[in-house]
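Student: I am new to this structure and would like a close look at one part of it, the strands and their pairing. Please set that part in its surroundings as well.

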Amino acid sequence: MAIRKAVKGTAVLASGCLVAFYGLTQLTEYRKKQARLSHVEAVEQVNMAFQDELPSRQAQLTALRNNQEFDVLVVGGGATGSGCALDAVTRNLKTALVERDDFSSGTSSRSTKLIHGGVRYLQKAIVKLDYEQYMMVKEALHERSNLLNIAPHLTALLPIMLPIYKWWQLPYYWAGIKIYDLVAGAQCLKSSYILSKTKALELFPMLKRDKLVGAIVYYDGQHNDARMNLAIALTAARYGAAIANYTEVVHLLKRVDPQMGKERVCGARCRDVITGQEFDVRAKCVINATGPFTDALRKMDDKKNPNICQPSAGVHIVIPGYYSPDNMGLLDPATSDGRVIFFLPWEKMTIAGTTDTPTEITPHPIPMEEDINFILTEVRNYLSPDVEVRRGDVLAAWSGIRPLVTNPNSKDTQSICRNHIVHISDSGLVTIAGGKWTTYRSMAEETLDAAVKAHNLPAGPSKTVGLMLEGAKDWTPTMYIRLVQDYGLEVEVAQHLASSYGGRAYEVAKMAHVTGKRWPIVGKRLVSEFPYIESEVQYAIKEYACTAIDVIARRTRLGFLNVQAAEEALPRIVDIMGKQLTWSEQRKRVSCTTLSHFDAPVLTSPSGWKRGEQELAAAKQFLYYEMGYKARSEQLTDTSEITLTPAEVGRYMKRFHKFDKENKGFITTVDVQRVLESINVYIDADTLHEILNEVDLNKNGQVEFNEFLQLMSAVKKGQVSANRLAILMKTAEQSLDQTEKPVSVDRSGGGV
């Protein structure tokens, strides 16, 4: 009853504001509808050849080398760059795109995975009466709707809960969220609503109940960002764009315009990063869409160009799925330092983030321990005390660099508007900088409009509104059932393939090998906990994957979900890629070395190493540094403080001596194997070696008693969780004491 009264009171107080925004929204909506009608007609005019078979990477490089002149050369294979290529090629412009790393290897794969208008930007627009920010939100909401329509397999609606702990906040936030709905107009996904305390806890039982008043639920979109980026790039390729990853710009090509007497950019000198071969790509127009590296390319054009981007680091963490409901996110609108934290279900895990701090530009951003702990602290503030948020539960962590447009009047990056700018230099270099993931398409459209005008290119209007992306054709919400029935795939695997590849999932299924089991008939998993199968590695090569990193990070998302699982999958991934790409046997052998053998992987490989060894080192460094393995492993070090009571030390000494029968003071794989065999449990030697190696701090092939105590102390403090040796020794002890069979060792759950 009290909630209803608060809502009624709020309706009266906020009516004037709502009416004003509603009127503005309807006017803008009318204009957008008129624009959409023309866009629909434009989409129908995309009568270009659509290639059902993707050209190989080598064929794409040949096209780049041999084409006399492109209309447009896009530098950068992130969301915005790929969007520019798709926009250009569908305007019948001869289009090329080069990316020095992999598609979506930078910021575009390290987002919060939301497709949203920006609730906090709307709040700023209202409080500061900032029309520009309002229009930015409006544009983003339009693009949100379009993106959900053109890639339905990669996107989904996501309800997000805003818990309320003070009565006065209920009308305040309710009014703001309702305005968010109204600004979306006809493109509102679903109407927001208020929940009582009881209902909020029913839907989000992990929520802290003390002082909870109620909650507000609103809707935004969610997507698989790396595969979305890839879908945009592949769609451009199918329409005829020449695209190549691992192709960097060495310098820009220029010529003197005879009419103007000035130097004009006319292409770029490029290098195939894999082979080292260099070649020229000539183009009438060059577009700089390099995200955080925008200024580097601008300085290739003119060393005197000032910096226009201010980088900001955003760290995210992944924790087990049991921390959140399967289909309900959480928003913390005001953290202890004024930031916004999202807590969202994603790929059956839980993603939490993000931070927002100034940073240096680097191609390999590393998540810092202080940022990880900040996120964990904020998460604890909103979850029930019954839910112990442990540092050891962080399965992966990453940092992405946002390319924010510099505002000289701003004191910190949090207040910088993530709007974009399109700039054309005196030499004709077109730069698109800033913006956000959701608005990549409209940014690309604006960029191409400017490029067409500045360079007199023979092109009509953009045709990308409503243009279906890779995999969207032939996708239906129930197509996974056909995959199960026609190919004999597991239901979870079929659902994953359908949501990752859309209509192309059948091609992946056709490549799947027979398991030899009664069920599933086909589809061997790379690791047991995740639905990724071996045939996806083969298909990844068709999608221009060149390294194991491409597979674990962007064709699948294994590296972003669980670094240890990704490490486990690497040998098989390298073996499959090696056969397809004719890698050397040395490469395969080195790839089987476990990451835990590398105490501190070097960032540069010895000069005598072959290419295969260098790629392996890069893959392990990627997991170790960029995906948080280093931060995770440092929770247990040889200097870790032991904080156990005498009783606990005695209990663990007894457990240790069940394995160390000779009182050597250490245990080896032989000791563990002997105990396991006595209780009829058999684990292969390689797996046992990996299990002990996780705890063997000085890497001498044995686990000493002090190392074991450090492990148990870290488990007690929550710094380490689900450690396989700890669980194995505990269950073995119970079996020896009670003559019961131990439970299986699983990396994803359990405790000690």
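Tutor: One term from the record should be settled beforehand: positions annotated in UniProt are given in the numbering used here, and such annotations may be inferred rather than shown by experiment. The model itself is predicted. According to UniProt, in an unreviewed entry, the annotation "domain: EF-hand" covers residues 647–682 and 683–718. In the model, residues 647–682 are 58% helix and 6% strand, with end C-alpha atoms 31 Å apart. For residues 683–718 the values are 58% helix and 6% strand, and the end C-alpha atoms are separated by 27 Å.

The strands themselves may be approached through β2, which comprises residues 95–98. In a regular strand, side chains alternate between the two faces of the sheet. In β2, T95 and L97 are on one side, A96 and V98 are on the other, and all four are buried, so that both faces are covered. Strand β1, residues 70–75, pairs with β2 in the parallel sense over four bridges. Within that pairing, L73 stands opposite A96. Helix α3, residues 79–89, joins β1 and β2 in a right-handed β-α-β unit. Strand β7, residues 242–244, is also parallel to β2 and is joined to β2 by three bridges. Here A96 stands opposite A242. A96 therefore serves as a reference point for both pairings, facing L73 of β1 in one and A242 of β7 in the other.

Strand β11 offers a second case. This strand spans residues 309–319, and 10 of its 11 residues are buried. With β16, residues 396–405, β11 pairs in the antiparallel sense over 10 bridges, and G314 is placed opposite G400. Strand β15, residues 357–358, also runs antiparallel to β11, with two bridges between them; A313 has T357 as its bridge partner there. Strand β14, residues 349–353, is joined to β11 by four bridges, again antiparallel. In that pairing, I319 has T350 as its bridge partner.

The surroundings include helices with buried residues. In α13, residues 491–501, the buried residues are V493, A494, H496, L497, A498, S500 and Y501. They are covered by elements including α8 (225–238), α12 (479–487), α14 (505–511), α15 (535–542) and α16 (548–555). After α13 comes G502, which has a positive phi near 60°.

Not every residue is enclosed in this manner. K473 is placed in the loop between α11 (440–455) and α12. Its relative accessible area of 66% is over the 50% limit, and K473 therefore counts as exposed. Although K473 and A151 are 322 residues apart in sequence, their C-alpha atoms are 9.0 Å apart in space.

The cysteines complete the account. A disulfide is a covalent bond between the sulfur atoms of two cysteines. Such a pair is counted here when the sulfur atoms are within 2.5 Å, and the count comes to zero. For C84, the closest cysteine sulfur is that of C285, at 9.4 Å, which is too far for a bond. C84 counts as buried because its relative accessibility is 0%. C270 is likewise buried, with a relative accessible area of 0%.

Definitions and conventions. Residues numbered from 1 in each chain as written. Predicted model: local features only at pLDDT ≥ 70, side-chain atom pairs only at ≥ 80, totals over all residues. Heavy atoms only, no water. Buried < 20%, exposed > 50% of the residue type's maximum accessible area, 1.4 Å probe, protein only. Contact = heavy atoms within 4.5 Å. Pairing = 2+ DSSP bridges. Right-handed = clockwise from strand over helix to strand, strands pointing away.
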